[in-house]
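Got the viewer open? Let's take a walk through this one, with a few selections to make along the way.

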Amino acid sequence: MTTALITGAAGYIGSHITVALLDAGYNVVAVDNCVNASSGNGTTPPVIRRIQEITDKTVIFYKTDVVDKGSLREIFSKHKPDYVIHVAALKKMGESVDIPLEYYCNNIGSLLTLLEVMNEFNVTKIVYSSSSLVYGNIAYIPIDERHPVGKSCTNPYAKTKYFCEEILKDMCVGNKNLTAVALRYFSPVGAHETGQIGEDPVGPPSQLVAFICQVAVGRRPQLNIFGDDFNTADGTVERDYVHVMDLALGNVAVLRKMHETSSYKGFMAYNLGVGKSYSVLQMINTFEKVSGKRIPFAICKNRGIDVPRLCSDIYLARKELQWEPRRTLDGMCRDTWRWFSNNPQGYS
C-alpha cells in the first residue's frame, strides 16, 4: 500500500487531509507536536481517534516536532513513505508580527529538516501547504499563479510561506528527480460533514468563521472586525472562502497526478479557492442565516497587516489536477456550525 506522511496531521487542515487520504486508500503516517491541536489525555490526540472512527481505518501517529531530525529519521526509516504532505506550521498572522523569530525558526526550519531527511531516504515527492498570502498586496484580481509573489508580503507568517516556496524551487533545480507542489490555499472554512472533526483553535482563532462560531456558542462575547475602511464593497476585507474538505481533496489530486505522470517533476504551484470573494459582513449574514444565531460584532482599528481583497483564479488546478471545489458558501457555514454546535468546547 502507498504511504503518505503528513505533518501537522492533528491540526485543522491536516486532519481533513488525513481523512481524504485514508478514504482514497493511502496508508497514513501522521506527525504533529500538537502546538495547534488538542493533545488530549492520552498518547493519541482526540482528533486522530475521531478520524479513525470516521474512516474505520488505522492512523499511525507520532507526537513529535518536525524540527526534531532524529525522530523524523526514525519515522522515515520505519515506514518508508512514498509521499510527504507538509502542513505543520505556526499560522497566526498577528502573532507572527509579535514573535517573528519563532515563526522563521519553526516554519522554515521544519521544512529544511524535512527536506534533509527526505533526501537521506530518497523520498522525492512533497506537497507543501502554502498560502494565498504569498501574493502580498494584490496587483490584479482574480489572482492567477503568474501574479508576483513575495514582494509585498504583509506579515512574517506570509513571508515564511514565500521563503519556503523559494527553498522548494531551489531544491528542484538541484535535484531533477524532486517533485514539489505548493498549494496556495485561500481562506479555509468548514468541517467534515459528520460534524466529528473541525477547527479547535488553541487560543484565539486565526480563522474568521471559527471566531464567529465561538461567539455563537457563547465562548466569546462578540466578533471584532479589524477595519471597515478597506477599498471593498462594504469596507470590510473580502476573502475567497474554500471548504477544508475541498482543500483536502486538492492534496489527493496532487498525489494522483504524481503517481500517474512520470514526467511530473520540478516545482509547481496551484491556487485552491473557489474564484469568488465574500466580505466579513457577508460571512456573518450567511452564518446567521444557516445557524439561526445572532452574531454581535464591533468594528475595531485596522491592523495594517490585512490585504483588502483576495480572489483566486483556479484555472490551472482545474486543468492540470482535474480538481474542482464542490461546496457552496452556505454549505461551508452549515458544516462549520454542525461541528461547533456538536462540540462547543472543541475536542475537550
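What radius of gyration would a compact globule with 348 residues have, and what does the protein chain have? Such a globule would come out near 20 Å, and the protein chain has 19 Å, which agrees. Keep in mind as you look around that this is a predicted model.

**The whole chain**

Start with everything in cartoon. You should find 11 helices and 13 strands in the protein chain. Turn the view onto the principal axes and the C-alpha atoms fill a box of roughly 50 × 45 × 40 Å. Now colour by burial: 57% of the 348 residues count as buried. Draw contacts next, keeping those with a separation of 6 or more; residues 24 or more positions apart account for 80% of them.

Switch to a surface. The protein chain exposes about 14,300 Å², and carbon and sulfur atoms supply 47% of that area. If you colour by charge, you'll have 37 positive and 35 negative charges, and their mean positions are 1 Å apart.

**Into helix α7**

Select residues 208-216, which make up helix α7. Is this helix enclosed or open? Nine of its nine residues are buried, so α7 is largely enclosed by the rest of the structure. Show side chains and click along: Leu208, Val209, Ala210, Phe211, Ile212, Cys213, Gln214, Val215 and Ala216 are the buried residues.

To see what does the covering, add the strands β7 (187-189), β8 (223-226) and β10 (241-243), then the helices α9 (280-291) and α11 (329-342); the cover of α7 includes these elements. Before leaving, step just past the end of α7 to glycine 218, where phi is positive, about 90 degrees.

**The cysteines**

Select the cysteine sulfurs and look for bridges: the structure holds zero disulfides. Cysteine 153 is in no disulfide, and the nearest cysteine sulfur, on cysteine 164, is 12 Å away. With a relative accessibility of 11%, cysteine 153 counts as buried, since the cut-off is under 20%. Cysteine 34 is buried too, at a relative accessible area of 9%.

**Last stop: methionine 93**

Finally, pick methionine 93, in helix α4 (residues 93-98). Which residues does methionine 93 touch, leaving aside neighbours within four places in sequence? Show Leu133, Asn155 and Tyr157, then Arg303, Ile305 and Asp306: methionine 93 is in contact with each of these. For a sense of distance, draw a line from the C-alpha of methionine 93 to that of lysine 169; they are 76 residues apart in sequence and 24 Å apart in space.

Terms used. Residues numbered from 1 in each chain as written. Predicted model: local features only at pLDDT ≥ 70, side-chain atom pairs only at ≥ 80, totals over all residues. Heavy atoms only, no water. Helix = DSSP H or I, 4+ residues; strand = E, 2+ residues; numbered from the N terminus. Rg over C-alpha atoms; globule rule 2.2 N^0.38 Å. Buried < 20%, exposed > 50% of the residue type's maximum accessible area, 1.4 Å probe, protein only. Contact = heavy atoms within 4.5 Å. Areas by Shrake-Rupley, 256 points an atom, 1.4 Å probe, with all protein chains shown as cover. Lys, Arg positive; Asp, Glu negative; His and termini not counted. Charge placed at Lys NZ, Arg CZ, Asp CG, Glu CD. Disulfide = S-S within 2.5 Å.
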